[in-house]
Amino acid sequence: MRRTRERRTLVALAAVVPLLLTGVAACGSGSGGDGGDVTITFVWWGSEGRANLTKKAVELFQQKNPKIKVQTSFSAYAAYWEKLATQTAGGKPPDVLNVDTRYLAEYGGRGVLADLNQGTGKAISLADINPELAATGVYQGKRYAVPWAQNTPAMLYDPAAFTAAGADPAKGLTWDQFADATQKVSGAGSARGTTDFGILDTTLEIWLRQQSKQFYTPEGKLGFAADDLRRYWQLAGRFRDAEGASPADVTASYNTSPEQSPLGRKLTSSEFAYDNLLPAYQKANGKPLNVAPYPTAANGDTGQYRRPSMFLSVSARSQQQDAAAKLVDFLVNDPEVGKIVGTDRGLAPNLKVRAQLAPSAKGADKTLYDYEAALEPKLGAAPPVPPKGAGAIQKLLQRTYEEVAFGRMSLDDAVSRFMSEAEKGLK
């Protein structure tokens, strides 16, 4: 079923190119919101709770821009991309859309997204956004997206379980110390110490950065060799074999929803995710959770970086690009929007808005502000924009590792298969 969905998505994406070759509007050629009333569409992925916050922000925009009506919709992450691929292939993409870094090159490179360095895109202010964060929306010299929030990869964990095991992830652990702690956590209760991270491309990326390597090169090729992947999966296997990490059947049920994740279902006591998901994981798990840096290599490098949790983009086919750009600028830079959406997607990208919100932050919001403030000096430069096909490679990594975890494929065969299929997918 998963492979069928992937093929359907890729077929839909492939159909985008010929459609876009006929009559793609240049950014700024669409009519704006200064004349008669206009209607634009805006889509994103996420939970019902995120949708409620986003709709409040949109309502505020409409109050301040009464001539612009915004029609909204949202989906869960996987369904979002399937639906977006179908809409785009059908010639009816939304005017404003969320884009993930894995798909920026896919949609930008195929001409689906407007270049915001041109035309009405220039109305979107980036003056108060960290330049390194802002640069993450640029691919091959064109700005296809603007960061809507900042987060960073992190370890979410049950502090009570790890304190009982004599470990404090918040103070930093090495991979060896983390392995020892997860075994103790597993031995003390029904939940395993951590969710098996062998399936995660995000964790592989951080681990590679700790080795002074990268997932993708600037030229869009794999930035690591077969031996690197073998060592990473051996590390994950060490946790799994010692029962410090989740068993194969639990790992295979993993998806991007905190509610359905092993940590969210109380099957594990820690999981690698993004820091802004702390409130959602905490709500699902029902226990007070905390956020900590990644375990480190011997040199103490966390490998973490300042990451756009998601982007806002404007469709190159939009007939209302003035209005669409106005909405993007409002969502990124308006202080009231910052208050409304909080840290649901991550920290506000606008540094002035962030500075206004941080002193009054409470609960999980304060935890995230404090965590990223402490980590800020250690954050490295963001990696290159992933190439076309990165979304499919994410799924390939998960699917191949599951074969290893279930014992259906040897480690060497799995490494060989992944490298071969990934390299073909990037040609």
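These legends walk through several close-up views of a predicted model.

**View 1. The aromatic pair F197 and F239.** Let us start with two phenylalanines out of the 29 aromatic pairs counted in this structure. The ring centres of F197 and F239 are 5.2 Å apart and the planes meet at 80°, so this is an edge-to-face pair; the cut-off for that class is over 60 degrees. F197 sits in the loop between α8 (175–188) and α9 (201–210), while F239 belongs to helix α10 (residues 226–241), so the contact ties together parts that are 42 residues apart in sequence. Both F197 and F239 are buried.

**View 2. The aromatic pair W233 and Y401.** Here the ring centres of W233 and Y401 lie 5.6 Å apart with the planes at 40°, so the pair is tilted. W233 is in helix α10 and Y401 is in helix α17 (residues 390–405), and the pair links these distant parts of the chain, 168 residues apart. W233 and Y401 are both buried.

**View 3. An aromatic cluster, and a charge over a ring.** F197 and F239 from the opening view turn up again here, as members of one aromatic cluster. The full set of that cluster is Y157, F162, W175, F178, F197, W207, Y232, F239, F272 and Y294. For a second kind of ring contact, look at Y274: the charged end of R307 sits over its ring, 3.9 Å from the ring centre.

**View 4. Helix α17 from end to end.** This is the helix that holds Y401. With 16 residues at 1.5 Å each, α17 should span 22 Å, and its end C-alpha atoms are 23 Å apart, which agrees. The helix is mostly covered, as 13 of the 16 residues in α17 are buried. After α17 comes G407, with a positive phi near 75°.

**View 5. The largest cavity.** The model has 3 cavities of 30 Å³ or more, and the largest cavity has a volume of about 270 Å³. Its lining is made of 20 residues, and those nearest the centre of this cavity are T101, E205, Y305, P383 and P386. If you would like to place the lining on the fold, α9, β10 (307–314) and α17 each supply at least two residues. By class, the lining of the largest cavity has 12 nonpolar, 4 polar and 4 charged residues.

**View 6. The second largest cavity.** This cavity has a volume of about 110 Å³. It is lined by 16 residues, with W148, G338, V341, A348 and P349 closest to its centre. β6 (146–151), α13 (321–333) and α14 (335–341) each supply at least two residues of this lining, and α14 gives the most, with 3 residues. Sorted by class, the lining of the second largest cavity has 10 nonpolar, 3 polar and 3 charged residues.

**View 7. L347 and its partner Q150.** L347 lies in the loop between α14 and α15 (351–357). With a relative accessible area of 4%, L347 is buried, since the cut-off for a buried residue is under 20%. L347 and Q150 are 197 residues apart in sequence, yet their C-alpha atoms are 5.0 Å apart in space.

**View 8. Two positive phi angles, at E243 and K266.** Most residues other than glycine have a negative phi. E243 is not a glycine, but its phi is positive, at about 60°. You will find E243 in the loop between α10 and α11 (248–251), and at 46% relative accessibility it counts as partly exposed. K266, also not a glycine, has a positive phi of about 65°. K266 is found in the loop between α11 and β8 (270–274), and with a relative accessibility of 48% K266 counts as partly exposed.

**View 9. K388 and R110 across the sequence.** Our closing view brings us back to the start of α17, where K388 lies in the loop between α16 (363–375) and α17. At 34% relative accessibility, K388 counts as partly exposed. In sequence, K388 and R110 are 278 residues apart; in space, they are 9.2 Å apart from C-alpha to C-alpha.

Notes: Residues are numbered from 1 along each chain as its sequence is written. This is a predicted model: local features need pLDDT of at least 70, side-chain atom pairs count only at pLDDT 80 or more; totals for chains, interfaces and linings use all residues. Side-chain values use heavy atoms; hydrogens and water are left out. Rings of Phe, Tyr and Trp (its six-membered ring) pair if their centres lie within 6.5 Å; planes under 30 degrees apart count as stacked, over 60 as edge-to-face and the rest as tilted. Helices (H or I, at least four residues) and strands (E, at least two) are DSSP runs, numbered from the N terminus. Buried means under 20% relative accessible area, exposed over 50%, partly exposed in between (1.4 Å probe, protein chains only). A charge sits over a ring if NZ of Lys or CZ of Arg is within 6 Å of the ring centre and within 35 degrees of the ring normal. The expected span of a helix is 1.5 Å times one less than its number of residues. On a 1 Å grid over the protein atoms alone, a cavity is a set of points where a 1.4 Å probe fits but cannot get out, and a pocket is an open set with protein on both sides within 12 Å along at least five of seven lines; lining residues have an atom within 4 Å of a point. Grid points are joined across faces, edges and corners, and a volume is the space filled by probe spheres set on the points. Ala, Val, Leu, Ile, Met, Phe, Trp, Tyr, Cys and Pro count as nonpolar, Asp, Glu, Lys and Arg as charged, and the others, Gly among them, as polar.
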